[in-house]
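Open the structure in your viewer and keep the sequence panel visible. This tour tells you what to select at each stop and what you will find there.

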Amino acid sequence: MKELNFKQELTAAFGQPISENPTQVMVEAAYRHHQLDWRYLTIEVGPEDLESAVQGAKVMGFQGFNCTIPHKVKVIDYLDGLGESASLMGAVNCVVRKDGQWIGENTDGKGFVSSLRELTDPQDKKVVIFGAGGAARAISVEVALAGASSITIVNRSPSRGEELTALLTDKLPCSADFASWEDTYSIPSDTEVVINATSIGLFPDLDARLDFDPDSLLSSMVVADVIPNPPVTHLVRDARAKGCKVIDGLGMLVNQGVIGIKHWTGVDPDPSVMRAALEEVFG
Ligand code: NDP
């Protein structure tokens, strides 16, 4: 029963039944490459055991851990402090021991921004984000902290979209607006960065496409997709065909791992080793 739950969570995140945790494979590849005598373990913890698990990890000498759904919000109750973006998002995916205290960070959005910076500086950029779930929240907060001038949230369900837009408007130094996504969306021509933070295109829905006007996608736009599996989605393919600079979902996954490893071990790992390990997992 336990194993079934764990596999269901991996399937929800990566789209196909995967027996190995891709994050574990990626992080341990970095540990081996850098000859770090560390382990990254995948341990399933039920909601009723979360507090004991967090305390147990501390007394057993863990340097930190990642946590995923359904623990990203509740874990905050058992930590000693939060980093700035985790506090703004109200969600933690990475916990770090600092001076004997458990500090909660959110590395999803930071990983995304690291990938984005390889292509463009988010400072003063006009950004359109499809989606308003956990990934969109992490990315939009971090892109706003990195200095984006405006963020448009495009989402199917207005309530989630408006809630995220309100968070950005109220708590971050950028302007934000919500665009409802009932019909085909036309990307405004002055947009500089376009991000898919929905689960559209995740395996096995390989034919699924974002409903936007293809003529509104311009070669001047930087386009990013969060879907890690498959890394080459319709959006990635279409954007490359247009001549856009493109970031795929593996970039974000690798970079959040890079940030976690740096937090825990102090070592800056080689992202290319981590990406190669992930590519092997996803075939
Ligand atoms: P959530 O369930 O929290 O949010 C899903 C989002 O997708 C919502 O905005 C939802 O809209 C939208 N959506 C889903 N299906 C459709 C559809 N058919 N039409 C329109 N909108 C749709 O998921 P997360 O935000 O946690 O994750 C989203 C994706 O991000 C996942 O595929 C995950 O694999 C990926 N991800 C990648 C990471 C990486 O490192 N590369 C890290 C984290 C996530 P609505 O609100 O209307 O339901």
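The stops below run from the ligand to a pocket and then to three loops.

**Stop 1: the ligand.** Before selecting anything, note that this is a predicted model. Select the ligand and show the residues around it. The shell holds 23 residues, and those that come nearest are Ala13, Ala135, Asn155, Ser157 and Gly249. Sorted by class, the shell has 12 nonpolar, 8 polar and 3 charged residues.

**Stop 2: backbone contacts.** Keep the ligand selected and add Ala132, Ala135 and Ser157. Which distances separate their backbones from the ligand? For Ala132, a polar backbone atom is 2.9 Å from an oxygen atom of the ligand. For Ala135, a backbone N or O atom lies 2.8 Å from a ligand oxygen. Ser157 also places a backbone N or O atom 2.9 Å from an oxygen atom of the ligand. Now switch on the surface: on its own the ligand has 930 Å² of accessible area, and the protein covers 77% of that.

**Stop 3: the elements around the ligand.** Colour α6 (134-145) and α9 (249-265), the elements that give two or more residues to the shell. Of the elements, α9 gives the most, with 3 residues. Next, colour by domain. Domain 1 covers 2-105 + 251-282 and domain 2 covers 110-247; the shell draws at least three residues from each.

**Stop 4: the second largest pocket.** Hide the ligand and select Arg209, Phe212, His234, Leu235 and Asp238. Of the 15 residues lining the second largest pocket, these are the closest to its centre. The pocket holds about 190 Å³ of space. Which helix gives the most to its lining? Select residues 234-242: this is helix α8, which gives 4 residues to the lining, the most of any element. By class, the lining has 7 nonpolar, 4 polar and 4 charged residues.

**Stop 5: two cis peptide bonds.** Select Ile69 and Pro70 and show the backbone as sticks. The peptide bond joining Ile69 and Pro70 is cis, with omega about 10°. Pro70 sits in the loop between β1 (64-66) and β2 (81-82). Then move to Phe203 and Pro204. They too are joined by a cis peptide bond, and omega is about 10°. Here the loop that holds Pro204 runs between β8 (193-196) and β9 (222-225).

**Stop 6: a positive phi.** Finish by selecting Asp99. Is its phi positive or negative? Phi of Asp99 is near 50°, a positive value in a residue other than glycine. To place Asp99, look at the loop between β3 (94-98) and β4 (101-105).

Notes: Residues are numbered from 1 along each chain as its sequence is written. This is a predicted model: local features need pLDDT of at least 70, side-chain atom pairs count only at pLDDT 80 or more; totals for chains, interfaces and linings use all residues. Side-chain values use heavy atoms; hydrogens and water are left out. A residue is near a molecule or strand if one of its heavy atoms lies within 4 Å of it. A polar contact is a pair of N or O atoms within 3.5 Å; within protein, one must be able to donate a hydrogen and the other to accept it, and residues adjacent in sequence count only if both atoms are side-chain atoms. Accessible areas come from the Shrake-Rupley method with a 1.4 Å probe; for residues, only the protein chains shown count as cover. Ala, Val, Leu, Ile, Met, Phe, Trp, Tyr, Cys and Pro count as nonpolar, Asp, Glu, Lys and Arg as charged, and the others, Gly among them, as polar. Domain bounds come from an automatic or database domain assignment. On a 1 Å grid over the protein atoms alone, a cavity is a set of points where a 1.4 Å probe fits but cannot get out, and a pocket is an open set with protein on both sides within 12 Å along at least five of seven lines; lining residues have an atom within 4 Å of a point. Grid points are joined across faces, edges and corners, and a volume is the space filled by probe spheres set on the points.
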